[in-house]
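Work through the exercises below with the sequence and coordinates open. Each task is followed by a solution in steps.

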Amino acid sequence: MTRTQWDAIIVGAGPAGMAAAIELRRRKLDVLVLDRQQEPGGQVWRRAGSAPQELVGFLGGEYEEGRNMAREFQNSGAEFSAGAQVWHLLPQNAYVSIAGKSMNLRARQILIATGAMERPVPVPGWTLPGVLGAGAADVLLKSGGMTFEGPVVLCGNGPLILQTLDHLLRLKVGVSGVVLTGAATNAFKAVTKLHGIAARPLYFMHGAGMGLRGAMARVPFYPGSSAVSIAKEGGVFKVCFRSLGKERSLEGATVLLHEGIVSEQCITRL
């Protein structure tokens with residue numbers, strides 16, 4: 001890269017970074033977008049711009065929206081630098097390594113659009129090989145059309161648990177059960193928020209449908225779970241936990257953990 005001065009530098013080429021770049025280009029500004037990945041899209045729309053139609057069809061309308069935005073971004077005139085590791089920021093300065101070479105890039109404005117990461121919540125056995133974040137299932141599917149060996153034990157809380165379950169079932173991967181670590185009272189608390197469904201009824205139906213498909217497949221759900229621990233014996237995982245006052249356990253070949261997401265703030269803490 002020979003150029004070092006821009007109107008705006010955007011760190012991150014996920015949904016927010018791409019949208020910002022498209023809008024800035026409409027206003028005739030020179031834009032550089034930096035991302036560690038080789039393609040724009042971030043985690044949510046990973047590889048959306050080049051994914052085969054079969055994968056797009058499998059992942060549904062939201063992923064197709066990502067493909068459309070990725071293509072609009074690529075045609076916007078913004079410069080995209082793949083494999084870029086931003087290691088420091090100062091006002092109007094971004095320090096970045098690309099292909100093993102470090103450089104200082106300058107811009108009138110720097111936008112941070114680094115997205116989110118899975119919330120790390122340690123439990124006994126969480127570092128064992130074969131225990132991964134549920135987001136890893138999403139990454140493998142979108143990056144290479146791969147999935148995990150079943151049966152799988154899903155453990156945690158949040159919408160990604162249901163999405164991962166839905167994908168596994170549609171891919172014919174066995175699921176031993178879903179250990180839900182949210183409070184048993186969460187369902188009752190949700191009743192007070194039902195008015196929000198009116199704003200996005202289709203989105204609610206999408207989520208409810210994923211849960212319903214899991215129930216119809218007779219996947220056991222264990223709400224209000226706590227004291228989760230993971231052990232491996234003879235190549236088989238054993239997940240022990242307490243649900244609704246009873247000690248329980250599930251066995252599987254893979255364990256996927258997820259406790260929601262948090263903002264990726266590493267770059268702002270430097």
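Two residues are in contact when they have heavy atoms within 4.5 Å. The model is predicted, so local features need pLDDT of at least 70 and side-chain atom pairs count only at pLDDT 80 or more, while totals for chains, interfaces and linings use all residues. Residues are numbered from 1 along each chain as its sequence is written, and side-chain values use heavy atoms, with hydrogens and water left out.

**Exercise 1. Describe the chain as a whole.**

Step 1. Take helices (H or I, at least four residues) and strands (E, at least two) as DSSP runs, numbered from the N terminus. The protein chain then has 7 helices and 16 strands.

Step 2. Take the extent of the C-alpha trace: along its principal axes it spans about 60 × 40 × 35 Å.

Step 3. Sort the contacts by sequence separation. Among those between residues at least 6 apart in sequence, 63% join residues at least 24 apart.

Step 4. Classify by relative accessible area with a 1.4 Å probe, protein chains only: buried is under 20%, exposed over 50%, and partly exposed in between. Of the 270 residues, 37% count as buried.

**Exercise 2. Find the largest nonpolar core and the elements that build it.**

Step 1. A nonpolar core is a set of buried Ala, Val, Leu, Ile, Met, Phe, Trp, Tyr and Cys residues joined through side-chain atoms within 4.5 Å.

Step 2. The largest such set has 24 residues, of which Ile10, Ala21, Val31, Val33, Tyr63 and Phe73 touch the most other members. Two or more residues each come from β1 (5-11), α1 (15-26), β2 (31-34), α2 (53-59) and α3 (61-74). The largest share, 5 residues, is from α1.

Step 3. Check one member. Beyond its neighbours within four places in sequence, Ala21 contacts Ile10, Val31, Val33, Phe73 and Ala78. Another core, of 15 residues, lies apart from the largest one and includes Leu32, Val86, Ala94 and Val96.

**Exercise 3. Compare the length of α3 with its expected span, then list what covers it.**

Step 1. The expected span of a helix is 1.5 Å times one less than its number of residues. For the 14 residues of α3 this gives 20 Å, and the end C-alpha atoms are 20 Å apart, so the two agree.

Step 2. The buried residues in α3 are Tyr63, Gly66, Arg67, Met69, Ala70 and Phe73. Their cover includes α1, β2, α2, β3 (79-81) and α4 (134-144).

**Exercise 4. Is Gly177 buried or exposed, and what does Gly177 touch?**

Step 1. Locate Gly177 in strand β10 (residues 175-180).

Step 2. Gly177 counts as buried because its relative accessibility is 0%.

Step 3. Not counting residues up to four places away in sequence, Gly177 touches Val152, Val153, Leu154, Val219, Pro220 and Leu250. Leu154 is 23 residues from Gly177 in sequence, and their C-alpha atoms are 6.4 Å apart.

**Exercise 5. Examine Asp166 in the same way.**

Step 1. Asp166 is in helix α5 (residues 159-170). Its relative accessibility is 4%, so Asp166 counts as buried.

Step 2. With neighbours within four places in sequence left aside, Asp166 contacts Met210 and Arg213.

**Exercise 6. Examine the positive phi angles of Lys172 and Leu244.**

Step 1. Most residues other than glycine have a negative phi.

Step 2. Lys172 has a phi near 65° and is in the loop between α5 and β10. Its relative accessible area is 75%, so Lys172 is exposed.

Step 3. Leu244 has a phi of about 50° and sits in the loop between β13 (236-243) and β14 (246-252). Leu244 counts as exposed because its relative accessibility is 57%.
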